[in-house]
Amino acid sequence: MIDADKYLPVDSTLIPLGKLDPVKDTPFDFTKPKAIGADMVPFDPKKETGGYDHCWVLNRKGDSLVLAARVVEPTSGRVMEVYTTQPAIQFYVGNFLDGTIEAGGKTYPRHSAFCLETQHYPDSPNQKEFPSTVLKPGETYKQSTVHKFSVQK
């Protein structure tokens, strides 16, 4: 689950187009829990498209810590919750893994991992409609992200 009603569509080089699109009725709708691959667009190696490597604009009011995402591994019951004061979260599913990376005697094929990265909107300095990421002299930048792990029965 990602608590976001909008995401940032990207161009072929994964740079945001400068607009926010609704997730409703698209493969980007994680407002209710679903399996990560349930609606995922298949990866096309010729175009290097498919999967997820996009930024979701979080549903939030104010700057307090809010639940951004919740992931449950159904077999073990492991749960990861991500709380943040950031305005967005990047969701990436290992689109560029190709089985050549190995760790602990195991290789990692495409889509065998995922990342949830809290952040401001990518390319904000070049998109006047995006919230500013400019930090002026004397200003303080402070953000918090908390990863909470548990097990559900």
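## Close-up views of an all-strand model

**View 1. The whole chain is built from strands.** The protein chain has ten strands and zero helices. This is a predicted model. Following the sequence from start to end, you get the pattern β-β-β-β-β-β-β-β-β-β. Want to get a feel for the dimensions? The C-alpha atoms fill a box of roughly 50 × 40 × 35 Å along the principal axes. For 153 residues, a compact globule would have a radius of gyration near 15 Å, and the 17 Å of the protein chain agrees with that.

**View 2. Here are the contacts and the surface of the chain.** Take the contacts with a separation of 6 or more: 61% of them come from residues 24 or more positions apart. Buried residues account for 33% of the 153 residues. As for the outside, the accessible surface is about 9,700 Å², and carbon and sulfur atoms hold 54% of that. The chain carries 18 positive and 19 negative charges, and their mean positions sit 5 Å apart.

**View 3. This is the largest nonpolar core, with its 19 residues.** Which members touch the most other members? They are Ile2, Tyr52, Trp56, Ile89, Phe91 and Leu116. Strand E4 (66-72), strand E5 (78-84) and strand E6 (88-92) are the elements that each give two or more residues to this core. E4 gives the most, with three residues. In soluble globular proteins, nonpolar side chains tend to be buried together.

**View 4. Tyrosine 52 and its neighbours come into focus here.** Leaving aside residues up to four places away in sequence, Tyrosine 52 touches Pro27, Phe28, Phe30, Ile36, Asp39 and Met40, and also Phe91, Tyr92, Val93 and Asn95. Elsewhere there is a second, separate core of six residues, and Leu8, Val57, Tyr121 and Phe130 are among them.

**View 5. Leucine 14 has a positive phi.** Where does Leucine 14 lie? Look in the loop between strand E1 (6-8) and strand E2 (21-22). Its phi is near 70°, a positive value in a residue other than glycine. Leucine 14 has a relative accessible area of 32%, so it counts as partly exposed.

**View 6. Aspartate 25 is another residue with a positive phi.** You'll find Aspartate 25 in the loop between E2 and strand E3 (53-57). The phi of Aspartate 25 is about 60°, although this residue is not a glycine. Is Aspartate 25 buried or exposed? With a relative accessible area of 73%, Aspartate 25 is exposed, because the cut-off for that is over 50%.

How values were computed
Residues numbered from 1 in each chain as written. Predicted model: local features only at pLDDT ≥ 70, side-chain atom pairs only at ≥ 80, totals over all residues. Heavy atoms only, no water. Helix = DSSP H or I, 4+ residues; strand = E, 2+ residues; numbered from the N terminus. Rg over C-alpha atoms; globule rule 2.2 N^0.38 Å. Buried < 20%, exposed > 50% of the residue type's maximum accessible area, 1.4 Å probe, protein only. Contact = heavy atoms within 4.5 Å. Areas by Shrake-Rupley, 256 points an atom, 1.4 Å probe, with all protein chains shown as cover. Lys, Arg positive; Asp, Glu negative; His and termini not counted. Charge placed at Lys NZ, Arg CZ, Asp CG, Glu CD. Core = buried A, V, L, I, M, F, W, Y, C linked by side-chain atoms within 4.5 Å.
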